[in-house]
Amino acid sequence: MNIGIPRERKQNENRVAITPAGVQMLTAAGHVVYVEAGAGFGAGFSDESYRQAGAAITSGDEVWSMAQMVMKVKEPLSEEYRYFREDLILFTYLHLAAEPLLLDRLIHSGMVSVGYETVQTLSGALPLLMPMSEIAGRMAPQIAAQILENHYGGAGILMGGVPGAVSRTATLALTNATLPYALQIANLGIEAALAENPTLARGLNTAYGKVTCPGVAESLGIELADASELLVS
């Protein structure tokens with residue numbers, strides 16, 4: 001599978017969807033990874049480190065156009081909606097209940113989207129949200145002290161209160177959490193991966209023009225589709 005890693009466009013977002021080590025695991029499994037030039041700079045990863053891991057370093061346009069699955073950190077911004085297409089898989093934090101315009105574009109594109117924050121185990125654990133929550137919790141006292149001292153002037157805060165300085169640690173934690181699921185999608189294809197892994201299947205937000213996430217459908221008053229009827233592997 002062709003996997004695209006674009007640079008994050010959201011202000012103060014210094015993380016990147018995957019580390020060079022993660023890229024190496026994907027390419028070792030036979031997949032092709034396209035990384036946008038500069039995507040890892042904010043987290044301390046050079047283009048050369050991705051190139052050595054087997055990625056092709058290219059433009060944002062080519063990352064989106066060549067990819068069969070795009071992995072991001074944050075939800076796409078409006079400037080990225082033009083890349084949406086029916087045969088694309090989007091794997092990222094989505095939070096669609098708060099993003100009705102993004103949801104509308106996902107529905108009309110027909111693409112498949114899986115939200116990190118809605119990947120859920122049978123026990124209710126959120127394995128792709130937990131690492132970021134833990135980092136934010138550990139950093140909260142330090143952030144409070146920094147703001148009180150006006151060291152940052154109230155700026156440079158991201159990820160629910162985590163400063164950009166820890167973006168490398170956060171990227172490492174995010175990769176460790178998401179990579180097994182990304183590999184499963186890439187190895188099996190989205191439909192077979194969702195059928196085989198119920199935890200991943202609960203993360204499905206949209207597919208083929210329908211909303212498949214109960215929380216999103218309920219929040220925005222949209223009809224909920226049965227994912228099992230849409231996805232036939």
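In the predicted model, residues 24 or more positions apart account for 61% of the contacts in the protein with a separation of 6 or more. The secondary structure comprises ten helices and ten strands. Of the 233 residues of the protein, 50% count as buried.

Eight strands are arranged in an open sheet of mixed pairing, in the order β3-β2-β1-β4-β5-β6-β9-β10. The edges are occupied by β3 and β10 (210-211); each has a single partner strand, so one side of each is left without a neighbour in the sheet.

At one of these edges, strand β3 spans residues 56-58 and includes Thr58. Thr58 has a relative accessibility of 13% and therefore counts as buried, the cut-off being under 20%. When neighbours within four places in sequence are set aside, the contacts of Thr58 are Tyr34, Val35, Glu36, Ala37 and Val63.

Further along the sheet, β5 and β6 are joined in the parallel sense by four bridges. Between them the chain passes through helix α4 (residues 100-109), and the resulting β-α-β crossover is right-handed. Within this pair, Phe91 stands opposite Val114 of β6. In a regular strand, side chains alternate between the two faces of the sheet. In β6, Val112 and Val114 lie on one side and Ser113 and Gly115 on the other. These four residues are all buried, and both faces of the strand are thus covered.

Strand β6 (residues 112-115) also runs antiparallel to strand β9 (residues 204-207), to which two bridges join it. Here Ser113 is placed opposite Thr206 of β9. Thr206 in turn stands opposite Val211 in β10, and the pairing of β9 with β10 is antiparallel, again over two bridges.

The hairpin of β9 and β10 has two residues between the strands. Tyr208 is located in this loop and adopts a positive phi of about 55 degrees although it is not a glycine. With a relative accessible area of 32%, Tyr208 falls between the limits for buried and exposed residues, under 20% and over 50% respectively, and is therefore classed as partly exposed.

The hairpin region is also contacted by Leu230, a residue of helix α10 (residues 227-230). Beyond neighbours within four places in sequence, Leu230 is in contact with Ala207, Tyr208, Lys210, Thr212 and Ala225. The C-alpha atoms of Leu230 and Lys210 are 8.6 Å apart, and the two residues are separated by 20 residues in sequence. The relative accessible area of Leu230 is 25%, and the residue is partly exposed.

A positive phi is also found at Asn12, with a value of about 70 degrees, although this residue is not a glycine. Asn12 is situated in the loop between β1 and α1 (20-28). Its relative accessibility of 36% places Asn12 among the partly exposed residues.

Helix α6 (residues 167-188) contains 22 residues. The distance from its first C-alpha to its last is 30 Å, close to the 32 Å expected at 1.5 Å a residue. The helix nevertheless bends by about 40 degrees at Thr178, and a proline, Pro180, follows within four residues. Gly189 comes after α6 and has a positive phi, near 90 degrees. With respect to the sheet, α6 lies across β1 (2-5), β4 (69-71) and β5 (89-92), and runs at about 170 degrees to β5. Strand β5 is thus crossed by α6 and paired with β6.

Terms used: Residues numbered from 1 in each chain as written. Predicted model: local features only at pLDDT ≥ 70, side-chain atom pairs only at ≥ 80, totals over all residues. Heavy atoms only, no water. Expected span 1.5 Å × (residues − 1). Bend = angle between axes of the 7 residues up to and from the residue. Buried < 20%, exposed > 50% of the residue type's maximum accessible area, 1.4 Å probe, protein only. Contact = heavy atoms within 4.5 Å. Pairing = 2+ DSSP bridges. Axes fitted to C-alpha atoms, helices over the stretch in contact; angles between N-to-C directions. Right-handed = clockwise from strand over helix to strand, strands pointing away.
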